[in-house]
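Grab your favourite viewer and work through these exercises one at a time. Each has a task, then a solution in steps.

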Amino acid sequence: MNIIQQTLDQLRAADCCSYSPGGPWAAEPTALACLALEIHHERTPALRLAHQLAAAQQPDGSIGALAEHTTPAWPTSLAMLAWMACSQDDTQSTFAEEIALAVHWALATHGKPADPNPQVGHDPSILGWSWAADTHAWMEPTCMFVLALKAAGLRSHSRTRDGVRLITDRLLPTGGSNYGSTLVLGQATLPQVQSTGLAMLALAGEENNDLRVAASLDYLEHSICLETTTSSMCFGLLGLTFHGRRPPQAASFLQQAFDREMTRGTCEYKLALLALAVNEDPALFPGFLPQVIA
């Protein structure tokens, strides 16, 4: 039995998706599990999870990260991707109202901008998205909303373009990225595989000649190994795959990561990421980032 079969067997049976075995319901693992199931043509369980996300949506269109918590609402971006994936084959979108509300909220929401500061290596005036309301815009939430808005057909919208600018601006001078800081008091910060993979995923399909993009892909190729944690490995491999640079040893890495997780009692969050990252061809992601694949 391969990774896909094993992960899907467990995701099909999941009534409550969480970050840890037996943990509380959380929006991000629910959205990722929904995406993974839909991409592998498991429509019935995918729709069940999509409806869970819809039930958690607030009147303003946002979705809180955890059950019974309306904030922070950054997982709204991933719920948008899940709903759009589940609606792709419908003549009339199953989740049209939820998507419209979420898009409206996403476009109206942004991180707290600031004037450029010579002591900070990035441009804090570029509008992006934050982890929590009224805080600085950071790399990973901005990547997620850029992906969601592109999938919603808003690739050319000013907010999407600003998001792409922010992601590029936050790449480290020698390649790679982290939570979104490049230089602090003249000292370069260190790259991280997960945020770099997510950044490369968000920049896939962009006509971007910034040399740091190629350097970031090089960083991922040289950094992902058997010891890389599961979530970082999966995001890193997704970023490389969407740029046509998936390493030949990817299947072996993922198998070892899966085996490692199974000995610990894995959760839906990591199962979903494994089920997403195991695909070798971006064309196998129908409805997932369609504006990137096109």
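## Exercise 1: a covered helix

Helix H8, spanning residues 193-203, is mostly covered, with 11 of its 11 residues buried. Bear in mind that the model is a predicted one.

**Task.** Work out which residues of H8 are buried, and what covers them.

**Solution.**
- Step 1: List the buried residues. They are Val 193, Gln 194, Ser 195, Thr 196, Gly 197, Leu 198, Ala 199, Met 200, Leu 201, Ala 202 and Leu 203.
- Step 2: Look around H8. The cover includes helix H6 (139-151), helix H7 (158-169), H9, H10 and helix H12 (268-277).
- Step 3: Step off the end. H8 is followed by Gly 205, which has a positive phi near 85°.

## Exercise 2: two helix pairs

**Task.** Describe how H9 packs on H10, then do the H1 and H11 pair.

**Solution.**
- Step 1: Start with the geometry. H9 (residues 211-223) and H10 (residues 230-241) pack at about 130°, and their axes are 10 Å apart.
- Step 2: Classify the angle. Angles over 145 degrees count as roughly antiparallel and 65 to 115 as roughly perpendicular, so H9 is oblique to H10.
- Step 3: Get the handedness. H9 passes H10 in a left-handed crossing.
- Step 4: Find the contact. On the H9 side, Leu 217, Leu 220 and Glu 221 take part, and on the H10 side Gly 236, Gly 239 and Leu 240. Sorted by class, the contact of H9 with H10 has three nonpolar, two polar and one charged residues.
- Step 5: Repeat for the other pair. H1 (residues 3-12) and H11 (residues 250-264) pack at about 35°, with axes 11 Å apart, and their crossing is left-handed.
- Step 6: List who meets whom. Ile 3, Gln 6, Thr 7 and Gln 10 of H1 meet Leu 254, Gln 255, Phe 258 and Met 262 of H11. By class, the contact of H1 with H11 has four nonpolar, four polar and no charged residues.

## Exercise 3: the core

**Task.** In the largest nonpolar core, which residues touch the most other members?

**Solution.**
- Step 1: Take the 86 residues of that core; Leu 11, Leu 53, Met 80, Trp 83, Ile 167, Met 200 and Leu 254 touch the most other members.
- Step 2: Zoom in on Leu 53. Skipping residues up to four places away in sequence, Leu 53 touches Trp 25, Ala 27, Thr 30, Ala 31, Ile 63, Ala 79, Ala 82 and Trp 83.
- Step 3: Recall the background. In soluble globular proteins, nonpolar side chains tend to be buried together.

## Exercise 4: loop oddities

**Task.** Is Gly 61 buried or exposed, and what about Glu 68?

**Solution.**
- Step 1: Place Gly 61 in the loop between H3 and H4. Gly 61 has a relative accessible area of 0%, so it is buried.
- Step 2: Check the contacts of Gly 61. Leaving aside neighbours within four places, they are Thr 76, Leu 101, Ala 102 and Trp 105. The C-alpha atoms of Gly 61 and Thr 76 are 7.9 Å apart, though 15 residues separate them along the chain.
- Step 3: Move to Glu 68, in the loop between H3 and H4. Glu 68 is exposed, at 84% relative accessible area, and its phi is positive, near 65°, in a residue other than glycine.
- Step 4: Finish with the cis peptide bond joining Thr 71 and Pro 72, where omega is about -5°. Pro 72 lies in the loop between H3 (43-56) and H4 (76-87).

Definitions and conventions:
Residues numbered from 1 in each chain as written. Predicted model: local features only at pLDDT ≥ 70, side-chain atom pairs only at ≥ 80, totals over all residues. Heavy atoms only, no water. Axes fitted to C-alpha atoms, helices over the stretch in contact; angles between N-to-C directions. Helix = DSSP H or I, 4+ residues; strand = E, 2+ residues; numbered from the N terminus. Parallel < 35°, antiparallel > 145°, perpendicular 65-115°, else oblique. Left-handed = near helix turned anticlockwise from the far one by under 90°. Contact = heavy atoms within 4.5 Å. Nonpolar A, V, L, I, M, F, W, Y, C, P; charged D, E, K, R; others polar. Core = buried A, V, L, I, M, F, W, Y, C linked by side-chain atoms within 4.5 Å. Buried < 20%, exposed > 50% of the residue type's maximum accessible area, 1.4 Å probe, protein only.
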